[in-house]
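Student: I have just opened this entry and would like to be led through it one question at a time. Could we begin once the sequence and structure are on the screen?

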Amino acid sequence: MESVIVAIDGPSGTGKSSTSKAVAAELGLRYLDTGAQYRAITWWMVSNGIDVADPQAIAGAAEKPEIVSGTDPAAPAITVDGVDVAGPIRTQDVTSKVSAVSAVPEVRTRITELQRSIAREAGGIVVEGRDIGTTVLPDADLKIFLTASPEARAARRSGELKGKEAGDLAATREALIQRDAADSGRKTSPLAKADDAVEVDTTELTLQQVIECVVTLVEEKRAAR
Ligand SMILES: Nc1ncnc2c1ncn2[C@@H]1O[C@H](COP(=O)(O)OP(=O)(O)O)[C@@H](O)[C@H]1O
Ligand SMILES: Nc1ccn([C@H]2C[C@H](O)[C@@H](COP(=O)(O)OP(=O)(O)O)O2)c(=O)n1
């Protein structure tokens, strides 16, 4: 497909990653997980002893790590200073700190530039995150905003956590709601639906139905061009 740009935003557990990967694979587009980039810079801050409660310290270090994102939807990859961090960025520790790190304007400026250059060079891409339609790629050809009830999102998320990291459903729901509030309430490019985004409530939909819905919307856009 010619260089179509699709922005998929929404809170945690709405199906952004699964949907974006599948849509990109089906339509022959590249794929970018921007949450993984914020997780990667958070992992670097933690690994280098930067206090995540100190925005100035975070701002001062924001330019230091080199973050490289792969854009193959079949094999998403992310490295920091050459180290594969695909696993470590998914720990509860990183998850609990990522909102604080990603609220720092210097971090957002840096990561946003990186995202724009990847999207520019991709020749067609699905980019998923929180501020893609509003801030990173306001001229995207199609913007989707995924939602789902907190109960559905918590159930999906806790189904993924294994072993000692698997807390109870109520704790997962609580942590998720707190992260939503932090991400939606920050000053710089908060989680928000763009005015021209199509909202899809996935609470009662299967993943396959969401994928089909987005593929249809992309194809309609393409036909209208
Ligand atoms: N519509 C859906 N119905 C049921 N489970 C879903 C649906 N969409 C996604 N999931 C599952 O929920 C979990 C979280 O999905 P993910 O794509 O990682 O969400 P996000 O990127 O928005 O946080 C995954 O295990 C995924 O398979
Ligand atoms: N475009 C983005 C993407 C993610 N973030 C921040 C805020 C999110 O809580 C974290 C983690 O995002 P991620 O998409 O990996 O989170 P989930 O997998 O949906 O739980 O990164 C952001 O600020 N802007």
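Student: In what order do the five strands of the open sheet lie?
Tutor: This is a predicted model, and the answer should be read with that in mind. The five strands make an open sheet in which the pairing is parallel, and the average twist from one strand to the next is 20 degrees. Read across the sheet, the order is S2-S6-S1-S7-S8.

Student: Which are the edge strands?
Tutor: An edge strand is recognised here by pairing on one side only. That description applies to S2 and to S8, the strand of residues 198-201. The edge strands are therefore S2 and S8.

Student: How many bridges join S1 to S7, and which residue in S7 stands opposite Ile8?
Tutor: S1 and S7 run parallel, and the number of bridges that join them is four. Within S7, the residue found opposite Ile8 is Ile144.

Student: What is the bridge partner of Ile144 in S8?
Tutor: S7 pairs with S8 as well, in the parallel sense and over four bridges. Following Ile144 across to S8, we find that its bridge partner there is Val198.

Student: Is S7 largely enclosed by the rest of the structure or largely open, and why?
Tutor: A residue counts as buried when 20 or more other C-beta atoms lie within 10 Å of its own. Of the six residues of S7, five are buried. For that reason S7 is, with respect to the rest of the structure, largely enclosed.

Student: What angle does the direction of H9 make with that of S7?
Tutor: Helix H9 covers residues 207-224 and packs on the sheet, where it touches S1, S7 and S8. Taken against the direction of S7, the direction of H9 makes an angle of about 160 degrees.

Student: Which elements do the buried residues of H1 pack against?
Tutor: H1 runs over residues 16-27, and its reach of 16 Å from first C-alpha to last is close to the 16 Å expected. Its buried residues are Lys16, Thr19, Ser20, Lys21, Ala22, Val23 and Ala24. What these buried residues pack against is strands S1, S2, S6 and S7 together with helix H9.

Student: Which residue follows H1, and what is its phi?
Tutor: The helix is followed by Gly28. The phi of Gly28 is positive, near 70 degrees.

Student: Which element gives the largest share of the shell around ligand 1?
Tutor: There are 15 residues around ligand 1, and those that come nearest are Gly15, Lys16, Ser17, Ser18 and Arg156. Two or more residues of this shell come from each of H1, H7 (150-160) and H9. By class the shell has three nonpolar, nine polar and three charged residues. The largest share, three residues, is given by H1.

Student: And which helix gives the most to the shell around ligand 2?
Tutor: Ligand 2 is surrounded by 15 residues, of which the closest are Ser12, Gly35, Tyr38, Ser102 and Gly129. The shell has four nonpolar, six polar and five charged residues. Helices H2 (34-47), H4 (92-102) and H8 (169-185) each supply at least two of its residues. With five residues, the helix that gives the most is H2.

Student: Is Ala148 buried or exposed, and why?
Tutor: Ala148 is in the loop between S7 and H7. Leaving aside neighbours within four places in sequence, its contacts are Gly13, Thr14, Arg153, Asp201, Thr202 and Thr203, and the C-alpha atom of Thr202, although 54 residues away along the chain, is 5.2 Å from that of Ala148. Because 23 C-beta neighbours lie inside 10 Å, Ala148 counts as buried.

Student: Where is Asp81 found, and how does it count in terms of exposure?
Tutor: Asp81 has a phi near 50 degrees, which is a positive value in a residue other than glycine. Its place is the loop between S4 (78-80) and S5 (83-84). Because Asp81 has 13 C-beta neighbours inside 10 Å, it counts as partly exposed.

Student: Ser189 is not a glycine either; is it buried or exposed?
Tutor: The phi of Ser189 is positive, about 35 degrees, and this residue lies in the loop between H8 and S8. Since 20 C-beta neighbours lie inside 10 Å, Ser189 counts as buried.

Technical notes: Residues numbered from 1 in each chain as written. Chains lettered and ligands numbered in written order. Predicted model: local features only at pLDDT ≥ 70, side-chain atom pairs only at ≥ 80, totals over all residues. Near = placed C-beta within 6 Å. Nonpolar A, V, L, I, M, F, W, Y, C, P; charged D, E, K, R; others polar. Expected span 1.5 Å × (residues − 1). Buried ≥ 20, exposed ≤ 12 C-beta atoms within 10 Å, placed from the backbone. Contact = placed C-beta atoms within 7 Å. Pairing = 2+ DSSP bridges. Axes fitted to C-alpha atoms, helices over the stretch in contact; angles between N-to-C directions.
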